[in-house]
Amino acid sequence: MTNTKMNRRDFMRKTSLASGVLLVAPGIYGASVNTAQAQTGAFDYIICGAGSAGCVLAHRLTENEDVSVLIIEAGGPEEGVEAISTPLRLLELWNTEYDWAYFTAPQKHCNGRNIHWPRGKVVGGSGSLNGMLYVRGHATDYDNWAYQGNPGWDYESVLPYFKKSEDFDGGENEYHGVGGPLHVTTDYERHPTTQRIVEACIEAGYKFNEDYNGADTEGVNFAQMNTKDGQRHSSAVAFLRPALERSNLSLLTNSRVKKVNLDGKTATGVTYIQDGEERVVTAKREVILAGGTIESPKMLMLSGIGERAQLEEHGIEVVHDLPGVGKNLHDHSLAPVIYEGDVPPPTNLAVIPLHAQAFMRSDPRLPAPDMQPLFFHVPLYTADTQEAVTPSAYTLCAGGVSPTSRGELRLTGPNVDDPLMLDPNLLETQYDVRTIVENIKMMREVAKQPALAEITTREIYPGPEVQTDEELADYARNSVQSYHHQVGTCKMGNDEFAVVDHELRVHGLEGLRVVDASIMPVVPTGNTNAPTYMIAEKGADMIKESA
């Protein structure tokens with residue numbers, strides 16, 4: 001092995017596992033390789049997916065220099081891709097080589113629309129594509145996880161793991177940590193229209209919340225963001241790059257895991273595909289799936305782990321009948337309320353068009369907010385149903401974050417490249433529809449306040465002709481978008497549809513865990529990236545303790 005630097009193309013081409021020999025060169029990440037371990041083609045831990053969770057796991061597990069770790073990623077490196085590192089350019093990443101660019105099946109309750117689900121196919125995963133908002137959710141979200149049979153996942157127990165990751169620019173306190181790998185930024189220049197939106201919310205009677213990741217989430221706020229020095233601070237940057245300086249971590253890019261290999265009921269390694277060739281690598285301790293809500297259940301099913309009838313339908317040998325794999329799929333929903341007005345174009349490359357939001361309750365008796373409207377200083381048109389009328393507009397995006405609708409993902413064939421059928425069953429329940437309708441009404445009241453009224457020309461969408469609850473419900477079905485927070489397909493718990501236990505071990509199997517957003521039994525009432533970091537931090541400790 002040499003220490004010669006390689007360009008990205010050579011790195012992606014030469015990074016491979018062939019004939020049991022690891023050929024990871026230092027490359028763009030500056031990684032070194034343990035030669036003795038490389039000759040064996042075996043590692044203590046294999047992490048399948050270098051997304052938000054996988055990067056955290058790699059960082060924490062390799063803190064023990066006696067442990068060898070391989071992380072396998074289907075996408076390529078993110079370093080040097082300016083559209084990834086530059087916050088304002090995030091929407092340029094959709095439908096590119098860095099995006100899985102999933103679409104749902106036609107949604108029965110959304111007038112048959114196929115909803116776009118961008119997901120990161122790159123080192124850093126969806127954390128390299130997302131909006132960089134750092135949002136943990138409400139304390140009761142995690143207390144509910146524990147109540148559903150998952151001891152140790154209550155808010156008091158998970159708060160230390162949120163703090164462990166964090167380097168909060170506001171300083172250490174009861175709710176925030178400093179000195180962790182992940183930078184959280186609050187000190188940045190606000191766009192003038194975003195400032196007006198926040199002022200209008202206050203004028204409408206909503207309190208200003210200085211720290212929605214503190215004692216309570218409720219109220220309007222400016223977002224805390226995962227940026228540092230004006231650039232995206234993803235798990236790839238914060239966790240993986242430093243870890244790749246260690247000799248006990250190796251990375252494979254452009255390599256897709258086909259299946260987990262099992263000896264009886266024990267995971268022994270994985271088969272992956274690189275450059276069209278199948279290769280095998282062995283795990284001496286554990287295989288850890290960190291492919292996210294869509295890819296982790298797919299890896300399980302292609303390995304013969306899942307609902308018997310579905311596996312048999314596609315000719316896959318059933319190794320372990322686990323009916324919950326792929327079930328419990330759900331997501332947050334958004335519906336844009338767009339106003340034409342005198343809105344300066346965004347110019348600050350370090351700040352995204354979304355850097356303010358609110359947490360609101362549809363009913364004051366609820367234990368936590370169930371709405372998260374988002375505030376953009378640009379128009380957020382729904383590409384498949386709305387004409388892009390003008391760029392001089394802002395959006396008060398109605399958001400439902402306690403969905404009661406549930407769907408599933410299913411295989412369409414036995415091969416790794418066969419697409420999935422993704423059916424979240426959006427807006428199936430009347431509660432989910434009513435939440436969006438009520439939040440649209442709230443946003444209209446905000447737009448009437450003096451801070452916004454003086455710059456607003458007209459309502460573009462839904463439009464002044466859409467007034468009744470029935471008309472607003474129809475608008476919601478025609479315009480609803482994903483907030484890109486899909487969870488639940490490898491549910492944590494102990495009921496008949498649970499896939500992993502409270503220590504993230506796959507039920508009924510040995511040496512196999514799932515550590516990512518797919519294990520969430522219920523989506524938090526906020527963004528899912530910060531909770532995914534927490535899951536990986538806690539999961540890493542569980543793995544270390546069981547070694």
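Okay, a definition to start: when I say helix or strand, I mean a DSSP run, at least four residues for a helix and at least two for a strand, numbered from the N terminus. What we have on screen is a predicted model.

Let's begin with helix 5, residues 139-147. Which of its residues are buried? They are D141, Y142 and W145. Those three cover an arc of only 90° around the axis, so they sit on the same side of helix 5. If you're wondering about the spacing, an α-helix has 3.6 residues a turn, so residues three or four places apart point the same way. And what do the buried residues of helix 5 pack against? Two other helices: helix 6, at 155-165, and helix 14, at 529-546. Right after helix 5 comes G149, with a positive phi near 100°.

Next up, helix 6. Here the buried residues are Y155, V158, L159, Y161, F162 and S165. Looking down the axis of helix 6, you'd see them within an arc of 170°, so they line one face of the helix. The buried residues of helix 6 have a list of packing partners that includes helix 3 (52-61), helix 8 (235-243) and helix 14, and also strand 7 (166-168) and strand 8 (182-184). Helix 5 is on that list too.

Now for the inside of the protein. The largest nonpolar core has 158 residues, and L396 and L512 are the ones touching the most other members. Take L396: setting aside neighbours within four places in sequence, its contacts include I197, A335, Y339, F375, M443 and L452. There's also a second, separate core of seven residues, with V81, A83, I84 and L129 among them.

On to the empty spaces. The largest pocket comes out at about 350 Å³. Its lining is made of 17 residues, and nearest the centre are W94, H116, Y381, A383 and Q481. Split by class, that lining has eight nonpolar, seven polar and two charged residues.

The second largest pocket is about 250 Å³. Which part of the structure gives the largest share of its lining? Helix 5 again, with four residues. D141, which I listed as buried in helix 5, is one of the residues nearest the centre of this pocket, along with P367, A368, S402 and T525. The lining here divides into ten nonpolar, four polar and two charged residues.

Then there are the cavities, three of them at 30 Å³ or more. The second largest holds about 120 Å³ of space. It has 17 lining residues, and D331, S333, G400, P403 and D432 are the closest to its centre. Helix 11, residues 430-447, gives the most to this lining, with four residues.

Last, some backbone oddities. Y461 and P462 are joined by a cis peptide bond, with omega about 0°. You'll find P462 in the loop between strand 25 (456-461) and helix 13 (469-479).

Two residues that aren't glycine have a positive phi: N111, at about 55°, and D275, near 55°. N111 is in the loop between strand 5 (102-103) and strand 6 (116-117). D275 is in the loop between strand 14 (266-274) and strand 15 (277-289). Are they buried or exposed? N111 is partly exposed, with a relative accessible area of 43%, whereas D275 is exposed, at 57%. The cut-off for exposed is over 50%, so D275 passes and N111 doesn't.

That's my tour, thanks!

Methods. Residues are numbered from 1 along each chain as its sequence is written. This is a predicted model: local features need pLDDT of at least 70, side-chain atom pairs count only at pLDDT 80 or more; totals for chains, interfaces and linings use all residues. Side-chain values use heavy atoms; hydrogens and water are left out. A nonpolar core is a set of buried Ala, Val, Leu, Ile, Met, Phe, Trp, Tyr and Cys residues joined through side-chain atoms within 4.5 Å. Buried means under 20% relative accessible area, exposed over 50%, partly exposed in between (1.4 Å probe, protein chains only). Contact means heavy atoms within 4.5 Å. The arc is that of the directions from the helix axis to the C-beta atoms. On a 1 Å grid over the protein atoms alone, a cavity is a set of points where a 1.4 Å probe fits but cannot get out, and a pocket is an open set with protein on both sides within 12 Å along at least five of seven lines; lining residues have an atom within 4 Å of a point. Grid points are joined across faces, edges and corners, and a volume is the space filled by probe spheres set on the points. Ala, Val, Leu, Ile, Met, Phe, Trp, Tyr, Cys and Pro count as nonpolar, Asp, Glu, Lys and Arg as charged, and the others, Gly among them, as polar.
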